[in-house]
Amino acid sequence: MTQLQARGLVKSYGPTPALRGVTLDVAEGEIVAVTGPSGCGKSTLLHCLAGILRPDAGEVSWHGHRIDTWSEAARSRLRRTEFGVLFQFGQLVAELTAAENVALPLLLAGTGRRAARTAALTWLDRFGVAQLADVRPGEMSGGQQQRCATARALVTEPRVLFADEPTGALDTLTGEQVLTQLVRLAREQRTTVVLITHEPRIAAYADREIVLRDGVIDHTGLGLDAAPLAGGPR
Amino acid sequence: MRPGTFIRLALVGNRTDAARLALTALSAALAALAVLAALSVLAIQTPPGDPGQHSEQYTNALLREPGLRGGTAFAILLLTIPVLALAGQCARLGAPARDRRLAAFRLAGATPGQVTRVAVLETGLASLLGTVAGLATYLVGRALVHRPDVNGQLALPTDVLPTVPELALVVLALPLVAAAVTALMLRRVTATPLGVVRRARRAGRPRPWPALLIALGVLGAALFEPIRQASGDGLEAWVFGSVFVGAFAAVLGVILGVGWLSHWTGRLLHRYAGSPARLLAARRLTEDPWAGSRTFAALLAALAIGAGAAAFRAGFELREQLEREQNRRAGYDDFSNGQNAFYLRTMDLVDLAVGVAVVIAVAGLLVMLIEGITARRRAYAALVAGGVPRATLGVSILWQVLAPVVPAVLLALGAGYTLGRMLNPDIVTGGDWEPVCRATAELCADPANRDSHIEMVLVDGVVHSPGVPLEQLALLGAGAVAATLLTAGLGVLFLRSSTAVEELRAT
């Protein structure tokens with residue numbers, strides 16, 4: 001069943017076109033990797049699909065409802081309740097502990113502090129960083145920070161997770177560990193994942209790979225050039 | 001590296017760097033103007049003959065009377081405190097972008113020393129630009145304001161000029177000091193090709209020891225009157241010096257005490273944080289409680305001085321009222337010798353200076369707020385992208401500013417007023433030796449026996465206490481909180497641009 005739909009997306013930054021008519025369907029529970037060279041429009045596509053950016057032309061639909069016409073407040077609410085968003089780095093609030101960072105989306109949704117902390121601890125444990133619950137991001141390694149950020153993105157049990165180069169700032173081994181956990185948990189929860197990466201090895205985790213070039217879809221298929229990683233989920 | 005290359009590297013940068021340079025230059029210009037104004041007051045010549053002779057060419061007694069000119073110059077110099085605080089806060093503006101630029105210089109082959117020199121040169125050049133602009137403004141303003149009235153008197157000392165070495169010292173010394181301070185601040189900072197590393201010592205939890213500084217100041221002020229009474233008229237300079245040091249310690253105590261207040265309010269907020277906005281604010285307050293001391297230093301110093309001035313004003317007003325009543329009873333109608341009126345006019349000038357200081361301090365607060373938002377823009381942008389409403393972040397910033405500032409303002413007003421009140425003791429009227437009859441009225445009236453029945457007794461005078469100037473203190477406090485709130489609101493406007501999705505792509 002199609003969950004997320006993009007039709008003829010066009011987006012420019014001043015005179016520079018980023019997307020030039022992208023059409024895409026994402027099914028429920030599917031893991032889609034969007035790859036391509038730098039500047040091909042990968043992040044812009046993710047931002048449009050997640051409702052962070054409004055396309056200049058085209059449509060983005062969520063379960064058949066056009067979200068690109070919604071107000072920013074409505075799109076924020078959608079992201080808060082249905083989506084999870086994960087970036088490359090710098091997304092944790094430096095002053096909050098790991099548990100507080102993870103609990104933040106739940107607190108925003110109105111969950112009580114105790115329940116939010118319990119849920120946060122559960123998710124930190126799933127990513128193997130429960131011992132860091134009361135530690136601040138500045139005292140963690142990059143991999144630990146990214147595990148916390150991933151736990152925060154999943155703590156509300158979103159229906160779609162948008163991940164923009166989530167392992168881009170990590171070394172290969174740590175990146176693979178984080179991604180393995182992310183994909184395993186996403187499959188367990190039947191969470192749809194839209195994953196931006198420029199690494200074929202990472203794309204190999206996905207059910208489908210979409211290659212962008214110069215703002216249009218160049219081709220679609222499975223992880224093309226790389227064999228699935230050992231222990232990888234596909 | 002050639003000097004030209006240094007200068008070019010020091011002056012390149014984005015719009016935020018340009019804003020930092022402009023604000024640094026503006027601060028230097030304001031500081032130069034204040035110092036030049038003070039030097040002008042000191043440059044007024046006393047007419048030959050009696051050293052206490054007035055310089056009658058001025059309308060204002062503060063300039064006319066030689067004994068008051070030192071204090072006037074000192075009061076003007078005090079204005080440089082908030083200006084220098086503003087300069088210090090401007091130096092933090094756009095720090096992340098500058099750090100990236102410095103790292104890029106290192107990556108391109110610059111040595112750590114060269115990178116430090118570039119940063120120091122940036123501040124020095126901007127300050128030099130400011131002091132030159134300040135000198136130009138002073139000279140032009142002096143020529144424009146030089147308009148004697150019908151009596152040939154001047155409102156300002158526009159007929160005198162500091163000496164050329166003094167002018168040169170102002171123009172050159174301020175940038176040198178600014179550059180030296182920057183170099184000092186960079187001692188714990190290392191620019192590496194991969195970024196800027198700060199070797200910060202983790203500050204411990206703030207303790208309430210600054211209360212001792214406030215107590216010291218209050219004690220010094222409390223001892224002033226007994227010492228004055230014991231010494232008669234001949235008060236020695238060390239007594240005034242001690243009172244000044246005590247007052248300075250008390251203001252310092254108020255400023256440092258904000259660290260403890262921030263930590264305490266942060267903990268309280270955290271305990272009762274029911275919303276993410278309060279949680280974010282609470283953690284920011286407990287994580288860096290000294291930020292409040294840095295941010296509100298100039299504002300609190302101005303408020304403490306303003307509250308002290310309010311206590312002095314209340315004292316002068318009471319004295320004026322009592323003198324008028326006394327003169328009226330003595331048949332001099334509503335006569336007043338004008339001395340209290342002079343002091344009250346002086347208090348008007350102090351209030352004006354406090355107002356200017358508050359405005360400058362609030363400008364510094366705005367700079368600090370914007371810098372804080374800019375430094376956290378990536379985390380904020382990620383939160384907004386994840387669905388956190390900008391309003392939540394805005395409210396957290398408001399909490400973060402207001403939670404410590406309200407008790408801090410009360411503390412500053414309380415400490416300032418207490419000091420001022422201690423230095424302005426109660427006024428006693430009518431106390432004197434009076435004859436009291438210890439026998440019957442007839443015996444006391446008999447001239448032959450009167451002396452043996454009448455005793456001279458010291459009768460206590462009537463004690464008049466100046467009222468607490470609640471209205472003025474409330475005006476100061478409410479004005480400061482309102483200005484802070486307005487500034488925080490203005491700062492929050494920058495959230496939109498700082499949480500733009502483009503920030504997520506910045507490295």
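This passage walks through two sheets of chain A, the contact between chains A and B, and the nonpolar core. The model is a predicted one, and everything below should be read in that light.

Let's start with the six-stranded sheet of chain A. This sheet is open, runs in the order S6-S7-S8-S3-S9-S10 and has mixed pairing. Its edges are strand S6 (83-86) and strand S10 (216-221) of chain A, each with a partner on one side only. On average, neighbouring strands here are turned by 15° against each other, ignoring direction. Within the sheet, strand S3 (residues 31-35) of chain A pairs with strand S8 (residues 192-196) of chain A in the parallel sense, over four bridges. As for who faces whom, A:Val34 sits opposite A:Ile196 in S8(A).

Chain A also has an open sheet of four strands, and there the pairing is antiparallel, with the order S2-S1-S4-S5. Strand S2 (16-27) and strand S5 (65-66) of chain A are the edge strands, each pairing on one side only. Strand S1 (residues 2-13) of chain A is joined to S2(A) by nine bridges in the antiparallel sense, and A:Gln5 stands across from A:Asp25 in S2(A). Then there is a helix to add to the picture: H1(A) lies across S1, S2 and strand S4 (57-62) of chain A, and runs at about 125° to S1(A).

On to the contact between the chains. Chain A puts in 22 residues and chain B 18 residues. On the chain A side, helix H1 (42-49), helix H2 (72-81) and helix H3 (98-108) each supply at least two residues. H3(A) gives the most to this side, with five residues. By character, the chain A residues touching chain B split into 12 nonpolar, five polar and five charged. H1(A) thus turns up twice, lying across strands of the four-stranded sheet and supplying residues to the side that touches chain B.

Finally, the nonpolar core. In soluble globular proteins, nonpolar side chains tend to be buried together. Here the largest nonpolar core has 196 residues, and the members touching the most other members are A:Leu124, A:Phe162, B:Leu299, B:Leu300, B:Leu303 and B:Ala412. Take B:Leu300 as a case in point: setting aside neighbours within four places in sequence, B:Leu300 is in contact with B:Val254, B:Ile255, B:Val258, B:Ala408 and B:Ala412. B:Ala412, then, is both a contact of B:Leu300 and one of the residues that touch the most other core members.

Terms used
Residues are numbered from 1 along each chain as its sequence is written. Chains are lettered from A and ligands numbered from 1 in the order in which they are written. This is a predicted model: local features need pLDDT of at least 70, side-chain atom pairs count only at pLDDT 80 or more; totals for chains, interfaces and linings use all residues. Two strands pair if DSSP finds at least two bridges between them. Axes are lines fitted to C-alpha atoms, for helices over the stretch in contact, and angles run from 0 to 180 degrees between N-to-C directions. Two residues are in contact if their C-beta atoms, placed from the backbone, lie within 7 Å. Ala, Val, Leu, Ile, Met, Phe, Trp, Tyr, Cys and Pro count as nonpolar, Asp, Glu, Lys and Arg as charged, and the others, Gly among them, as polar. A nonpolar core is a set of buried Ala, Val, Leu, Ile, Met, Phe, Trp, Tyr and Cys residues joined through C-beta atoms within 7 Å. A residue is buried if 20 or more other C-beta atoms lie within 10 Å of its own, exposed if 12 or fewer, and partly exposed in between; C-beta atoms are placed from the backbone.
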